[in-house]
Amino acid sequence: MSFTNSALAADPKTDVSDDESVVLKDLYLESLQLVERLHRRLLDVIKDEFDRNNRTDINAVQALLLFNIGNSELTAGELRSRGYYLGSNVSYNLKKLVDLGYINHQRSRVDRRAVRISLTEHGIEVAEIIAGLYDRHINSIAKVGGIGANEFEELNKLMQRLDRFWNDQILYRL
């Protein structure tokens with residue numbers, strides 16, 4: 001099977017014209033690349049922030065994990081289901097963060113099989129570094145990046161629709 005632009009256009013099941021199919025395919029593939037690139041770039045931005053603070057004890061994925069745990073107490077499965085960890089082993093990173101003293105872990109009182117995790121004081125410090133980074137971004141993204149609330153609302157709606165579409169592809173095997 002060839003993945004050229006004509007492959008999609010030749011599919012009789014598509015509801016759009018051949019020209020529209022070619023344009024849609026190009027835009028769809030570009031969007032997929034941008035989503036992946038943006039996540040990698042976010043990790044680069046976080047790494048840069050920790051490099052500036054002379055923090056080499058933790059990597060960007062681990063810092064993002066700590067930020068996303070925040071004030072919550074949750075299980076590794078709950079954290080994994082949030083899905084922020086492209087190409088990373090959540091279990092490995094959580095174990096490492098426990099070993100480094102960033103995360104507390106204890107058996108759930110309700111279900112002894114489940115392990116609940118929360119941040120230690122050191123973990124909270126890391127989460128606050130990420131929160132500060134995000135606050136700086138929020139204070140300048142409209143002026144410097146030219147992206148305001150309306151653009152983010154539209155972007156978020158579109159990404160949620162794409163997420164629902166992909167979820168339906170999995171659930172209903174479309």
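**Entry 1: starting point**

I began at valine 61, which is found in helix H3. I am working from a predicted model. Valine 61 has 16% relative accessibility, so I logged it as buried; the cut-off is under 20%. I then looked at lysine 47. Lysine 47 and valine 61 are 14 residues apart in sequence. Their C-alpha atoms lie 8.8 Å apart in space.

**Entry 2: the whole chain**

I stepped back to get the layout. The protein chain has seven helices and three strands. Along the sequence I read α-α-α-β-α-α-β-β-α-α. The chain has 174 residues, and 25% of them are buried. I also checked contact range. Of the contacts between residues at least 6 apart in sequence, 50% join residues at least 24 apart.

**Entry 3: helix H3 on its own**

How many residues of H3 are buried? I found nine of its 10, and I noted H3 as mostly covered. The buried set is Ala60, Val61, Gln62, Ala63, Leu64, Leu65, Leu66, Asn68 and Ile69.

I picked glutamine 62 out of that set, since its place is in helix H3 and its relative accessible area is 4%, which counts as buried. Which residues does glutamine 62 contact, leaving aside neighbours within four places in sequence? I listed Asn93, Lys96 and Leu97.

Next I checked the ends of H3. Asparagine 59 caps the N-terminal end. One of its side-chain oxygens lies 3.1 Å from the backbone nitrogen of valine 61. Just after H3 I found glycine 70, with a positive phi of about 55°.

**Entry 4: H2 against H3**

I turned to the packing of H3 on H2. The two axes are 9 Å apart and pack at an angle of about 95°. H2 is therefore roughly perpendicular to H3. From H2 I listed His39, Leu42, Leu43, Ile46, Lys47 and Phe50. They meet Ala60, Val61, Ala63 and Leu64 of H3. I sorted this contact by class and got eight nonpolar residues, one polar and one charged. Valine 61 and lysine 47 from my first entry both appear in this contact.

**Entry 5: H3 against H6**

H6 came next. The axes of H3 and H6 are 8 Å apart, at an angle of about 95°. That makes H3 roughly perpendicular to H6. H3 contributes Ala63, Leu64, Leu66 and Phe67. H6 contributes Gly123, Val126, Ala127, Ile130, Ala131 and Tyr134. The class count is nine nonpolar, one polar and no charged residues.

**Entry 6: H2 against H6**

I then checked H2 and H6 against each other. H2 spans residues 18–52 and H6 spans 121–145. Their axes come within 11 Å and cross at roughly 115°. H2 and H6 are therefore roughly perpendicular to each other. The crossing of H2 past H6 is right-handed. On the H2 side I noted Leu42, Val45, Ile46, Glu49 and Phe50. On the H6 side I noted Val126, Ile129, Ile130, Leu133, Tyr134, Arg136 and His137. By class I have nine nonpolar, one polar and two charged residues.

I compared the lists. Leu42, Ile46 and Phe50 of H2 appear in the contact with H3 and in the contact with H6. Val126, Ile130 and Tyr134 of H6 appear in the contact with H2 and in the contact with H3. I also wrote down a reminder on helix geometry. An α-helix has 3.6 residues a turn, so residues three or four places apart point the same way.

**Entry 7: arginine 55**

Where is arginine 55 found? I placed it in the loop between H2 and H3. Is arginine 55 buried or exposed? Its relative accessibility is 18%, so arginine 55 counts as buried. Its side chain makes a polar contact with the side chain of tyrosine 102, at 3.2 Å. Not counting residues up to four places away in sequence, arginine 55 touches Phe50, Tyr102, Val126 and Ile129. Phe50, Val126 and Ile129 are also in my list for the contact of H2 with H6.

**Entry 8: glutamate 73**

My last stop was glutamate 73, in the loop between H3 and strand S1 (74–75). Its relative accessible area is 40%, so I logged glutamate 73 as partly exposed. Glutamate 73 and leucine 119 are 46 residues apart along the chain. Their C-alpha atoms are separated by 8.1 Å. Beyond four places in sequence, glutamate 73 touches Gln106, Arg116, Ile117 and Ser118.

Methods: Residues are numbered from 1 along each chain as its sequence is written. This is a predicted model: local features need pLDDT of at least 70, side-chain atom pairs count only at pLDDT 80 or more; totals for chains, interfaces and linings use all residues. Side-chain values use heavy atoms; hydrogens and water are left out. Axes are lines fitted to C-alpha atoms, for helices over the stretch in contact, and angles run from 0 to 180 degrees between N-to-C directions. Helices (H or I, at least four residues) and strands (E, at least two) are DSSP runs, numbered from the N terminus. Angles under 35 degrees count as roughly parallel, over 145 as roughly antiparallel, 65 to 115 as roughly perpendicular and the rest as oblique. A crossing is left-handed if the near helix is turned anticlockwise from the far one by less than a right angle, and right-handed if clockwise. Contact means heavy atoms within 4.5 Å. Ala, Val, Leu, Ile, Met, Phe, Trp, Tyr, Cys and Pro count as nonpolar, Asp, Glu, Lys and Arg as charged, and the others, Gly among them, as polar. Buried means under 20% relative accessible area, exposed over 50%, partly exposed in between (1.4 Å probe, protein chains only). A polar contact is a pair of N or O atoms within 3.5 Å; within protein, one must be able to donate a hydrogen and the other to accept it, and residues adjacent in sequence count only if both atoms are side-chain atoms.
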